[in-house]
Amino acid sequence: MSEFQPKIVAFVCNWCTYAGADLTGTSRMKYSPQVSIIRFPCTGRIDFMLLLKAFANGADGIIVSGCHPNDCHYTSGNFHARRRWILFRGLLDFMGIDTRRIEFSWISAAEGAKWAQLVNTTAENIRKLGPFANYEKLRHQGVS
Amino acid sequence: MEALKNKAREWLDSRMVQLVIGYSQGSGDSVRAVFVHDPGQVETLLFDSRCRQNLAVYLLKPEVKKMGKAALVANLTTLRAVLQLAAENQIGEHDVLTLTVNPAGELLVLSTLEAIETYVAISAPDLSVEEKAELEKYEKLGMEERWQFWQEQFSRCLKCYACRAACPLCYCSRCTVECNQPQWIPVPAHDLGNLEWNVMRAMHLAGRCVNCGDCSRACPVNIPLYLLNQKLISDVFRNFNARSGMAAKAENTLSTFKPNDKEDFIR
């Protein structure tokens, strides 16, 4: 049987990480194909419910990435997002959800190489963790 | 509690308030909320250690607002809920008068938000020693054990939303649960929807919950929702040094930030 290929969903901001991922491509850098990128206006827009929906729809891992602190296109979206992630991550951990499955990162538009590296290491980590079996059981109880 | 009854009568007589929201004897040994309009009804009012319900939950209900200005018989967490509602611009300085009984058994009239602020300063910094110990007990479990524990708890959830109805800070007239385009929270009470609902309820109260515990008491299947709230209260205090319901002009934890908020997980 072939090796487990994880499904990774990346929630990225339009202004930094999406442009950074674009740079990865235009620089012809190869990286793991398991990632599906979803572009958002800002990390401040990335509601925690969206991450839960990704898991509910079969993601094994999640990447959340945006502009470095002080580089936000809207000045403070990433600072607000950071507070939310700090609390959300703590809550998920408390509920027994493996937070190693959610990777948070700051990647600027100039960091194409960092994006490639982030996706590769995340894919590798998730591959080691295996399919998200706990959530898989819930999932079959009723996702449209 | 003669002083309480006298004060309520005085306020109703003088038309300073049109309504007193307080506690009265319920069935058996329980107490229940009572809405007193008529000075003749103040005899039903009482206040003792059984009066734990957070009556601030009624303040924002349209049907209660219609009754006119209210006086609230409040315990400590109710007062904190009033301050938090003020911090969120849900009630103003002149919308409510509060009456409370201090640990020495004396009636206190807290007629301004400032007076409430001074009084609630007696509450514990974030959680009490017992609460911290219980929280730690669960935090120390292995990840799989924590998952099993919460799955077992949530498997009983009926999606009745009694936790939401009992909460003085769940006041949105249109909750995310009712949003169905897209359907954020699945309607049937299956394990996935139950998990999502409970994560969402806890997160939407992050940095706002005043730890009154009414969600857990309202829960017909005894899910320990207070643990989730207390986890977030403890994290908010530890990470942002913030406490909800302590000041009428406080900033909301999740709608503000500090450039130097500490985390160690963002690469």
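# Briefing: chains A and B of a predicted model

Arg28(A) comes after helix α1(A) and has a positive phi, near 60 degrees. This is a predicted model. The points below take up that helix of chain A, then chain B as a whole, helix α3(B), the two domains of chain B, and the contact between the chains.

**Helix α1 of chain A**

- Helix α1 of chain A runs over residues 17-26 and is mostly covered, with seven of its ten residues buried.
- Those buried residues are Thr17(A), Tyr18(A), Ala19(A), Gly20(A), Ala21(A), Leu23(A) and Thr24(A).
- They pack against three strands of chain A, namely β1 (8-13), β2 (35-40) and β3 (61-66), and against the helix α4 (112-129) of chain A.

**Chain B overall**

- Chain B contains ten helices and five strands.
- Its radius of gyration is 20 Å, close to the 18 Å that the globule rule gives for 267 residues, so chain B is as compact as a globular protein of that length.
- Along the principal axes, the C-alpha atoms of chain B fill a box of roughly 60 × 40 × 40 Å.
- Of the 267 residues in chain B, 38% count as buried.
- Among the contacts in chain B with a separation of 6 or more, 66% join residues that are 24 or more positions apart.

**Helix α3 of chain B**

- Helix α3 of chain B covers residues 76-87, which is twelve residues.
- From first C-alpha to last, α3(B) reaches 17 Å, close to the 16 Å expected at 1.5 Å a residue.
- The helix is mostly covered, since eleven of the twelve residues of α3(B) are buried.
- The buried residues in α3(B) are Thr77(B), Thr78(B), Leu79(B), Arg80(B), Ala81(B), Val82(B), Leu83(B), Gln84(B), Leu85(B), Ala86(B) and Ala87(B).
- The cover over these buried residues of α3(B) includes the strands β3 (70-73) and β4 (96-101) and the helix α4 (113-120), each from chain B.
- Just after α3(B) comes Asn89(B), with a positive phi of about 60 degrees.

**The two domains of chain B**

- The domain assignment splits chain B into domain 1 (2-120) and domain 2 (129-255).
- A distance of 26 Å separates the C-alpha centres of domain 1 and domain 2 of chain B.
- In chain B, 19 residues of domain 1 are in contact with 18 residues of domain 2.
- On the side of domain 1 of chain B that touches domain 2, α3 and α4 of chain B each supply at least two residues.
- The largest share of that side, nine residues, comes from α3(B).
- By residue type, the side of domain 1 of chain B that touches domain 2 has ten nonpolar, six polar and three charged residues.

**Contact between chains A and B**

- Chain B gives 34 residues to the contact and chain A gives 32 residues.
- On the side of chain B that touches chain A, the elements giving two or more residues are the helices α6 (143-155), α8 (191-204) and α10 (225-240) of chain B.
- Helix α8(B) provides the largest share of this side, nine residues.
- The side of chain B that touches chain A divides into 21 nonpolar, three polar and ten charged residues.

Notes. Residues are numbered from 1 along each chain as its sequence is written. Chains are lettered from A and ligands numbered from 1 in the order in which they are written. This is a predicted model: local features need pLDDT of at least 70, side-chain atom pairs count only at pLDDT 80 or more; totals for chains, interfaces and linings use all residues. Helices (H or I, at least four residues) and strands (E, at least two) are DSSP runs, numbered from the N terminus. The radius of gyration is taken over C-alpha atoms; the globule rule is 2.2 Å times the number of residues to the power 0.38. A residue is buried if 20 or more other C-beta atoms lie within 10 Å of its own, exposed if 12 or fewer, and partly exposed in between; C-beta atoms are placed from the backbone. Two residues are in contact if their C-beta atoms, placed from the backbone, lie within 7 Å. The expected span of a helix is 1.5 Å times one less than its number of residues. Domain bounds come from an automatic or database domain assignment. Ala, Val, Leu, Ile, Met, Phe, Trp, Tyr, Cys and Pro count as nonpolar, Asp, Glu, Lys and Arg as charged, and the others, Gly among them, as polar.
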